[in-house]
Amino acid sequence: MTAQEITQTVLVTGASSGIGQGIATAFGRKKANVVVNYYSDEEGANHTLDMIREAGGHGFVCKADVSKEDDVISMFAQTINEFGSLDVLINNAGIQKDSSFSSMTIEQWNKVISTNLTGHFLCAREAIKHFEATQRSKREGNAAGNIIFISSVHDIIPWAGHANYASSKGGILMLMKSLALEVAPKKIRVNSISPGAIATDINDEVWKDEEKKKELLKLIPYRRIGQPDDIGKVAIWLASAESDYITGTTIYVDGGMTLYPG
Ligand code: NAD
């Protein structure tokens, strides 16, 4: 069996909707074992699982709040119990709590940082513990483990009225790079995908409104709003042996959004 044909086990956080659902389904098409993490939307998670199965993959749904340490530890234990090991973590769960700066509450700040940044740290730490303990670098032709953070173009583009969100994504960039540097000698790869505007629930008030959509398209040189599968396809490649020499970097999947000066 070649490295490409090995069945991957993949944990996708926040996979009950949007980009997480798109990534989980893309791995389903690769016949992967997929852990569909969700927070509150069990119906959405079950729908994702149905799509994975229809595409030829396997999986189970797993409820966990990524900002809670005990939940995260339990989710990884269930994953190993079910599939025996983990190959890829997709740190995708994320939220926005928008507010002008002077009226931003400590709750709005903490909620976004604890989900988008601390949650990504907790999941990455459990994945690294597993990769290190199982010394999977001995598996020829494959990385010893793979972590992909779903960040945002706002890891480098400032965003007025969203200081908590942009800070969390800027934090992910340095978390990803510091971790990549630390674990590269162990043959563990760590990267991010930074999406531009992707049509999901997080921004539906924009892309469902024709006027706002027109304004948004002006910010995208490629003149189309992205779809979850645009991110899914890149995640598949970034988790494969095809990208084996890539670690510590971000791929902007944004239709050229980051080309415009801020
Ligand atoms: P979404 O709202 O559809 O998905 C977010 C998912 O995270 C949901 O399934 C939600 O239930 C889950 N989630 C929230 N809090 C959680 C928690 N504490 N524990 C576990 N899961 C939790 O929106 P999306 O656009 O698919 O967002 C996915 C990721 O992509 C986020 O990190 C977001 O910041 C990022 N992103 C989205 C866009 C975009 O334009 N849609 C652009 C850049 C980055």
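## Close-up views of helix packing and the ligand site

**View 1. Helices α1 and α8 cross at roughly 50°.** In this predicted model, the axes of α1 and helix α8 (residues 228–238) come within 8 Å. Angles between 35 and 65 degrees fall outside the parallel and perpendicular classes, so α1 is oblique to α8. The crossing in which α1 passes α8 is right-handed. Helix α1 spans residues 18–29 and also supplies at least two residues of the shell around the ligand.

**View 2. Helix α4 packs against α5 at an angle of about 15°.** Helix α4 covers residues 106–134. Its partner α5 covers residues 163–183. The two axes lie 8 Å apart. Angles under 35 degrees count as roughly parallel, and α4 and α5 are therefore roughly parallel to each other. Their crossing is right-handed.

**View 3. A shell of 27 residues surrounds the ligand.** Ser 17, Ile 19, Asn 92, Tyr 165 and Thr 200 are the closest. By residue class, the shell holds 12 nonpolar, 13 polar and 2 charged residues. Helices α1 and α5 contribute to this shell, each with at least two residues. Both helices also appear in the packing views: α1 with α8, and α5 with α4.

**View 4. Oxygen atoms of the ligand lie within reach of Gly 14, Lys 169 and Asn 203.** At Lys 169, an N or O atom of the side chain is 2.9 Å from a ligand oxygen. At Asn 203, a side-chain N or O atom is 3.0 Å from an oxygen atom of the ligand. Gly 14 takes part through its backbone: an N or O atom there lies 3.5 Å from a ligand oxygen. On its own, the ligand has 820 Å² of accessible area, and the protein covers 93% of that area.

Definitions and conventions: Residues are numbered from 1 along each chain as its sequence is written. This is a predicted model: local features need pLDDT of at least 70, side-chain atom pairs count only at pLDDT 80 or more; totals for chains, interfaces and linings use all residues. Side-chain values use heavy atoms; hydrogens and water are left out. A residue is near a molecule or strand if one of its heavy atoms lies within 4 Å of it. A polar contact is a pair of N or O atoms within 3.5 Å; within protein, one must be able to donate a hydrogen and the other to accept it, and residues adjacent in sequence count only if both atoms are side-chain atoms. Accessible areas come from the Shrake-Rupley method with a 1.4 Å probe; for residues, only the protein chains shown count as cover. Helices (H or I, at least four residues) and strands (E, at least two) are DSSP runs, numbered from the N terminus. Ala, Val, Leu, Ile, Met, Phe, Trp, Tyr, Cys and Pro count as nonpolar, Asp, Glu, Lys and Arg as charged, and the others, Gly among them, as polar. Axes are lines fitted to C-alpha atoms, for helices over the stretch in contact, and angles run from 0 to 180 degrees between N-to-C directions. Angles under 35 degrees count as roughly parallel, over 145 as roughly antiparallel, 65 to 115 as roughly perpendicular and the rest as oblique. A crossing is left-handed if the near helix is turned anticlockwise from the far one by less than a right angle, and right-handed if clockwise.
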